[in-house]
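Welcome! Here is a short briefing to read with the structure open beside you. Take a moment to look around the picture before you start.

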There are 2 protein chains.
Amino acid sequence: MLIKQASEITGVSPDNLRYYERIGLIPEVPRNASGIRDYDDVSLSWIDFVMRFKRGGMPLESIREYVQLALQGEETKPARKAILMESKEMLLEKLAQIQESLDVIDYKLDTYDQKCGPITLEMVEEWKKQRNL
Amino acid sequence: MLIKQASEITGVSPDNLRYYERIGLIPEVPRNASGIRDYDDVSLSWIDFVMRFKRGGMPLESIREYVQLALQGEETKPARKAILMESKEMLLEKLAQIQESLDVIDYKLDTYDQKCGPITLEMVEEWKKQRNL
DNA sequence: ATAAACCCTTGAGTCGACTCCAGGTCAAGA
DNA sequence: TCTTGACCTGGAGTCGACTCAAGGGTTTAT
């Protein structure tokens, strides 16, 4: 399968697919006789795997590290497990922060008619009270 | 309160506080007679407010837009409400994506001893089955 | 056999979000 | 008074993650 089709399936631009391969974020894709990339199911599943982490907000460097370890074989399992556990922590943290942002938004939306203006001293007091400061 | 203390309270570096003010992400902070920033509760609550959005992953430009509207008064309420609702959508989307990343990680961790190696064709098949592809 | 629509690599450019620096002001203590 | 340390501005530099462009090869349809 050519890069264009792989791009349509994965939603990643051809330029980006080549870029990700260049920096080792995804393993090298098989080539045909003329050196043109020929994506197969394995290539696609790597992209799918990697993009889930990327969309979760993980830095490409961490994902790259994981992928490179995976390509090196069995003896890198402990290192990979460590990365996964670290990443999980990071994502849980992110989840909590997004939840906090959502809380602020819902608060603003709920009390929209009263509270959407510039912040005033009274609002600050109310704010503090709500957070026990 | 001097910038250093404001920095300690908010966890945002002084350089960054000045930068955020420069780009209009937070409103101008009051100054003392010699032109030195003098943070008060209102300044701090703006920073707190803005940082919640930022930590949620919202682009600074969107936050800036909201803050600038809020500074312009009552007649910008509808626009601000729209931004909040848009942001909420975006954050919910992010939440879902992070949840997906976490699912992948948990899957990998659960079946660690069997599945942590390079991706194989059998794994691709299992993968597809699990996602009904 | 020529054009159109793909593909390739390498390297440069862009953009958001910092981060640092030079050169200068100001306030408090020895 | 002089040093020390924290502050100021404006601008340049950095970094991650793209994104584009130049220059060239290949395959397919007409």
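Which atom of DNA strand D lies 3.4 Å from a polar side-chain atom of A:Lys54? The partner is a phosphate oxygen of DNA strand D. Keep in mind that this is a predicted model. Let's walk through chain A, and then visit each DNA strand in turn.

**Chain A**

- Chain A has seven helices and zero strands, and along the sequence its pattern reads α-α-α-α-α-α-α.
- Chain A holds 133 residues, and 46% of them are buried.
- Among the contacts in chain A with a separation of 6 or more, 40% are between residues 24 or more positions apart.
- The accessible surface of chain A is about 7,300 Å², and carbon and sulfur atoms account for 52% of that surface.

**Around DNA strand C**

- There are 17 residues around DNA strand C, and those that come nearest are A:Arg18, A:Arg31, A:Arg37, B:Asn16 and B:Tyr20.
- Of the atoms of DNA strand C that come within 4 Å of the protein, 76% belong to sugar and phosphate.
- B:Tyr20 has a polar side-chain atom 2.7 Å from a phosphate oxygen of DNA strand C.
- B:Asn16 has a side-chain N or O atom 3.5 Å from a sugar or linking oxygen of this strand.
- B:Leu60 takes part through its backbone: one of its backbone N or O atoms is 3.2 Å from a phosphate oxygen of DNA strand C.
- Helices H1 (3-10) and H2 (14-22) of chain A and helix H2 (14-22) of chain B each give at least two residues to the surface near DNA strand C, with the largest share, four residues, coming from H2(B).
- By type, the residues of this surface are seven nonpolar, three polar and seven charged.

**Around DNA strand D**

- DNA strand D has 18 residues around it, and A:Asn16, A:Tyr20, A:Ser34, B:Arg18 and B:Arg37 come nearest.
- Sugar and phosphate make up 72% of the atoms of DNA strand D that come within 4 Å of the protein.
- B:Arg37 places a side-chain N or O atom 2.7 Å from a phosphate oxygen of DNA strand D.
- For B:Arg31, a side-chain N or O atom is 2.9 Å from a phosphate oxygen of DNA strand D.
- H2 of chain A, along with helix H1 (3-10) and H2 of chain B, each provide at least two residues of the surface near DNA strand D, and H2(A) gives the most, with five residues.
- The residues of this surface comprise seven nonpolar, three polar and eight charged.

Definitions and conventions: Residues are numbered from 1 along each chain as its sequence is written. Chains are lettered from A and ligands numbered from 1 in the order in which they are written. This is a predicted model: local features need pLDDT of at least 70, side-chain atom pairs count only at pLDDT 80 or more; totals for chains, interfaces and linings use all residues. Side-chain values use heavy atoms; hydrogens and water are left out. A residue is near a molecule or strand if one of its heavy atoms lies within 4 Å of it. A polar contact is a pair of N or O atoms within 3.5 Å; within protein, one must be able to donate a hydrogen and the other to accept it, and residues adjacent in sequence count only if both atoms are side-chain atoms. Ala, Val, Leu, Ile, Met, Phe, Trp, Tyr, Cys and Pro count as nonpolar, Asp, Glu, Lys and Arg as charged, and the others, Gly among them, as polar. Buried means under 20% relative accessible area, exposed over 50%, partly exposed in between (1.4 Å probe, protein chains only). Contact means heavy atoms within 4.5 Å. Accessible areas come from the Shrake-Rupley method with a 1.4 Å probe; for residues, only the protein chains shown count as cover.
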